[in-house]
Amino acid sequence: MVVSVRHTARRCLAAHPEDPTPCTGPLAVTVLDATGAGADGCEHHGARLLASLDRGRVHALPDAPDGAAIRTFKAADGIRPFCWIDAPRTDPTQLSRAENRARNDR
């Protein structure tokens, strides 16, 4: 079943429409994809979006709390791409960057 969640005043633009989680703070980061297209978001959704992108980047917004971009970057490392999808994950593209590093370190 696909759950559609619309962007509201309580959800940032970095929140994927199918991600059911609420924002956990103010707008703090801009997440950019490989082409430079981006979305502003809270740290929570910024991390989830960054984890779902190949060659994505994160930048703090001018009025963001100190360390927002690095917290978002570090959080994304342990999040699986499209983590709100409940399905078996075995392919490296379906695992978090941290999981892939652990597999390669064996």
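Biologist: Are Asp 19 and Arg 48 buried or exposed?

Modeller: The model is a predicted one, and a residue must have under 20% relative accessible area to be called buried. Asp 19 meets this criterion, and Arg 48 does as well. For both residues, the term is therefore buried.

Biologist: How many residues apart in sequence are the parts that Asp 19 and Arg 48 tie together?

Modeller: The side chains of Asp 19 and Arg 48 form a salt bridge with an N to O distance of 2.7 Å. Since Asp 19 belongs to the segment before S1 and Arg 48 to helix H1, the pair ties together parts whose separation in sequence is 29 residues.

Biologist: Against which elements do the buried residues of H1 pack?

Modeller: Arg 48 is one of the buried residues of H1, and the others are His 45, Gly 46, Ala 47, Leu 50 and Ala 51. The elements against which these buried residues pack are S1, S3, H2 and helix H3 (97-104).

Biologist: In which helix does the salt-bridge partner of Asp 77 lie?

Modeller: Asp 77 and Arg 101 meet through their side chains in a salt bridge of 2.6 Å, N to O. The pair links distant parts of the chain, 24 residues apart: Asp 77 is in helix H2, and Arg 101 is in helix H3.

Biologist: Which parts of the chain hold Arg 80 and Glu 99?

Modeller: A salt bridge joins the side chains of Arg 80 and Glu 99 at 2.8 Å, N to O. The pair ties together parts 19 residues apart in sequence, because its members lie, respectively, in the loop between H2 and H3 and in helix H3.

Biologist: Is Glu 99 buried or partly exposed?

Modeller: Its salt-bridge partner Arg 80 has a relative accessible area of 30% and is partly exposed. Glu 99 has a relative accessibility of 28%, so Glu 99 counts as partly exposed.

Biologist: How many salt bridges does a search of the whole structure find?

Modeller: Side chains of opposite charge can pair when their charged atoms come close. Among the pairs here are Asp 19 with Arg 48 and Asp 77 with Arg 101. For the whole structure, the number of salt bridges found is four.

Biologist: Which elements give two or more residues to the largest nonpolar core?

Modeller: This core has 13 residues, of which Val 29 and Val 58 touch the most other members. The elements that contribute two or more residues to the core are strand S1 (29-32), helix H1 (43-51) and H2.

Biologist: Which residues of S1 are buried on the side opposite to Val 29 and Val 31?

Modeller: S1 is covered on both faces. Val 29 and Val 31 are buried on one side, and the residues buried on the other are Thr 30 and Leu 32.

Biologist: What are the bridge partners of Thr 30 in S2 and in S3?

Modeller: S1 runs antiparallel to strand S2 (residues 38-41), with four bridges between them. S1 also pairs with strand S3 (residues 57-60), again in the antiparallel sense and over four bridges. Thr 30 has a partner in each: in S2 this is Asp 40, and in S3 it is His 59.

Biologist: Which residue in the turn between S1 and S2 has a positive phi?

Modeller: S1 and S2 form a hairpin with five residues between them. In that turn, a positive phi of about 95 degrees belongs to Gly 36.

Biologist: Which residues does Thr 72 touch beyond four places in sequence?

Modeller: Thr 72 is located in helix H2 (residues 68-77). With a relative accessible area of 1%, Thr 72 is buried. The residues touched beyond four places in sequence are Val 29, Glu 43, Gly 46, Ala 47, Leu 50 and Val 58.

Biologist: What distance separates the C-alpha atoms of Ala 69 and His 59?

Modeller: Ala 69 is also placed in helix H2, and its relative accessibility of 18% makes it buried. Beyond four places in sequence, Ala 69 contacts Val 29, Val 58, His 59 and Ala 60. Ala 69 and His 59 are ten residues apart along the chain, and the separation of their C-alpha atoms is 5.5 Å.

Biologist: What is the geometry of the pair formed by the rings of Phe 82 and Trp 84?

Modeller: The structure holds one aromatic pair. The ring centres of Phe 82 and Trp 84 are 5.7 Å apart and the planes are at 80 degrees, so the pair is edge-to-face.

Notes: Residues numbered from 1 in each chain as written. Predicted model: local features only at pLDDT ≥ 70, side-chain atom pairs only at ≥ 80, totals over all residues. Heavy atoms only, no water. Buried < 20%, exposed > 50% of the residue type's maximum accessible area, 1.4 Å probe, protein only. Contact = heavy atoms within 4.5 Å. Core = buried A, V, L, I, M, F, W, Y, C linked by side-chain atoms within 4.5 Å. Pairing = 2+ DSSP bridges. Phe/Tyr/Trp six-rings, centres within 6.5 Å; stacked < 30°, edge-to-face > 60°.
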